[in-house]
Amino acid sequence: MKLLIKQRVFSWTDTFDVYDENGEPNYFVKAEFFSLGHQLHVYDRYDNEIGLVKEKLLAFLPAFEIEINGQTVGRIEKKFTLFRPKYEVDYLDWRVEGDFLGWNYDVYAGCRSMIHISKEVLSWGDTYVIDIEDPQDEVPALLLVLAIDAANCSEGD
């Protein structure tokens with residue numbers, strides 16, 4: 001299955017619409033306008049909040065906690081590198097490999113490839129494509145991509 005994450009270009013905050021492979025809206029993502037640190041709230045199609053990506057304050061480099069249904073399930077932290085972004089991912093025993101700068105990477109559980117993430121190059125605003133093997137991983141995969149995007153866009157780059 002696939003999800004397509006499209007950033008709304010003309011918005012005061014980070015706002016994304018998330019579509020399924022049939023073009024139907026599945027999720028909506030909105031950043032808080034007034035908050036300490038970056039916070040992205042994820043809502044399902046019925047306006048229920050299902051996830052949150054929030055920046056850890058007082059960190060030297062960007063670090064984000066990921067919550068699903070109010071429970072912290074992991075974190076992602078940008079590491080200091082000179083040329084290419086690198087992240088430490090502590091999230092559901094998943095391992096992330098690939099080119100973060102080029103937005104072409106895979107997520108593994110053990111040796112099994114579960115998710116492939118890529119970015120559409122020629123699009124208005126950021127557009128990400130998530131190929132997901134297991135539908136149960138849909139929400140965790142979406143939150144991981146949002147956390148990586150937030151870490152890439154945060155001050156301290």
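How many aromatic pairs does a search of the whole structure find? The search finds three, and they make a pleasant way into this model, which is a predicted one. A pair of aromatic rings is described by the distance of the centres and the angle of the planes. Take Y91 and W94 to begin with: their rings sit 5.4 Å apart, centre to centre, with 85 degrees between the planes, an edge-to-face arrangement. Both partners are tucked away, since Y91 has a relative accessible area of 1% and W94 has 9%, and buried means under 20%.

Now move along to W103 and Y128. This aromatic pair is tilted, with 4.4 Å between the centres and 40 degrees between the planes. The pair links distant parts of the chain: W103 belongs to the loop between β9 (94-99) and β10 (104-109), while Y128 belongs to strand β12 (residues 127-132), and the two are 25 residues apart. W103 is buried at 5% relative accessibility, and Y128 is buried too, at 1%. Y105 joins in as well, as ring pairs link W103, Y105 and Y128 into a cluster.

From the rings, let us turn to the strands. Strand β4 (residues 39-44) has five of its six residues buried, so the rest of the structure largely encloses it. On one hand, β4 runs antiparallel to strand β3 (residues 25-31), joined to it by five bridges; here K30 has H41 of β4 as its bridge partner. On the other hand, five bridges also join β4 to strand β5 (residues 49-55), again in an antiparallel arrangement. In that pairing, Y43 finds its bridge partner in E49 of β5. The hairpin of β4 and β5 has four residues between the strands, and D47 in this hairpin takes a positive phi near 65 degrees.

Two other residues deserve a look for their backbone angles. N69, although not a glycine, has a positive phi of about 50 degrees. You will find N69 in the loop between β6 (63-68) and β7 (71-79), where it is exposed at 59% relative accessibility. L92 is not a glycine either, and has a positive phi of about 55 degrees. Its place is in the loop between β8 (86-91) and β9, and at 37% relative accessibility L92 is partly exposed.

What about the helix α1 (residues 138-153)? Its 16 residues should span 22 Å at 1.5 Å a residue, and the end C-alpha atoms are 23 Å apart, which agrees. Of those 16 residues, 15 are buried, so α1 is largely enclosed by the rest of the structure.

On the surface, L36, L57 and L58 make a nonpolar patch of about 420 Å². L36 sits in the loop between β3 and β4, and with a relative accessible area of 68% it is exposed. For a sense of distance elsewhere, try T72, which lies in strand β7 and is partly exposed at 48% relative accessible area. The C-alpha atoms of T72 and D134 are separated by 21 Å, with their positions 62 residues apart along the chain.

Charged side chains complete the tour. Side chains of opposite charge can pair when their charged atoms come close. With a side-chain nitrogen of Lys or Arg within 4 Å of a carboxyl oxygen of Asp or Glu as the rule, the count comes to eight salt bridges. One of them joins D131 and K2, whose closest N and O atoms are 3.7 Å apart. D131 lies in strand β12 and K2 in strand β1 (residues 2-7), so this pair ties together parts that are 129 residues apart in sequence. Both ends are partly exposed, D131 at 25% relative accessibility and K2 at 39%.

Another salt bridge brings together the side chains of D17 and R8, at 2.9 Å from N to O. Here D17 is buried, with a relative accessible area of 14%, whereas R8 is partly exposed at 40%. The side chains of R95 and E97 also meet in a salt bridge, at 2.7 Å from N to O. R95 is partly exposed at 36% relative accessibility, and E97 is partly exposed at 37%. Finally, salt bridges that share partners join R75, E77, K79 and E88 into one network.

Methods:
Residues are numbered from 1 along each chain as its sequence is written. This is a predicted model: local features need pLDDT of at least 70, side-chain atom pairs count only at pLDDT 80 or more; totals for chains, interfaces and linings use all residues. Side-chain values use heavy atoms; hydrogens and water are left out. Rings of Phe, Tyr and Trp (its six-membered ring) pair if their centres lie within 6.5 Å; planes under 30 degrees apart count as stacked, over 60 as edge-to-face and the rest as tilted. Buried means under 20% relative accessible area, exposed over 50%, partly exposed in between (1.4 Å probe, protein chains only). Two strands pair if DSSP finds at least two bridges between them. The expected span of a helix is 1.5 Å times one less than its number of residues. Patches are made of residues with over 30% relative accessible area and no salt bridge: like charges are joined within 9 Å, nonpolar side chains (Val, Leu, Ile, Met, Phe, Trp, Tyr) within 5 Å. Accessible areas come from the Shrake-Rupley method with a 1.4 Å probe; for residues, only the protein chains shown count as cover.
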